[in-house]
Amino acid sequence: AGLVDTLSGAGPFTVFAPTNDAFAKIPADTLNGLLADKEALTAVLLRHVVPAKITSRMIPHGTSRVNTAGGEQIKVTRSRKGISIKSSAGMANVIIADVKASNGVIHAV
């Protein structure tokens, strides 16, 4: 979706990366529509990128708001159950945290 230059930059970045299971929950027509519309796909992907390095240890208990590279403010919540994110598109739980990248960190959702 044309994000290689952005994400291969110096960063730092935090990426909340959807797993294959998350993609499987998207209706086929919706997913095919996104894949055919580069602008819409880019917007969705940028909703998962924060232009800062945020490790799981940096997330305080309760809910914090962070701005994504796509210009949306998302909520990141830490509770006894773990870490979750909520955007205009829905909510997801972090299932794998703190995967190190050369320019930031990845959390699988």
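Let's start with strand 7, which covers residues 96-101 and includes Ile96. This is a predicted model, and in it Ile96 is partly exposed, because its relative accessible area of 47% falls between the 20% and 50% cut-offs. Ile96 also joins Ile95 and Val99 in a nonpolar surface patch of about 270 Å².

Now for the open sheet. Four strands make up this sheet, in the order 3-4-5-6, and their pairing is antiparallel. Strand 3 (62-67) and strand 6 (90-93) are its edges; each has a single partner strand, so one side of each has no neighbour in the sheet. From one strand to the next, the twist averages 25°. Within this sheet, Asn67 stands opposite Gln73 in strand 4.

Next comes strand 1, with residues 13-17. Is strand 1 largely enclosed or left open by the rest of the structure? Strand 1 is largely enclosed, because 4 of its 5 residues are buried, and buried means under 20% relative accessible area. Strand 1 pairs with strand 8 in the parallel sense and with strand 2 in the antiparallel sense. Two residues show these pairings: Thr14 has Val105 in strand 8 as its bridge partner, while Val15 stands opposite Val49 in strand 2.

The table puts some strand pairings side by side.

| Strand pair | Direction | Bridges |
|---|---|---|
| Strand 3 and strand 4 (residues 73-79) | antiparallel | 6 bridges |
| Strand 1 and strand 8 (residues 104-108) | parallel | 5 bridges |
| Strand 1 and strand 2 (residues 49-50) | antiparallel | 2 bridges |

Note on methods:
Residues numbered from 1 in each chain as written. Predicted model: local features only at pLDDT ≥ 70, side-chain atom pairs only at ≥ 80, totals over all residues. Heavy atoms only, no water. Patch = residues over 30% accessible without salt bridge, like charges linked within 9 Å, V, L, I, M, F, W, Y side chains within 5 Å. Areas by Shrake-Rupley, 256 points an atom, 1.4 Å probe, with all protein chains shown as cover. Salt bridge = Lys/Arg side-chain N within 4 Å of Asp/Glu carboxyl O. Buried < 20%, exposed > 50% of the residue type's maximum accessible area, 1.4 Å probe, protein only. Pairing = 2+ DSSP bridges. Axes fitted to C-alpha atoms, helices over the stretch in contact; angles between N-to-C directions.
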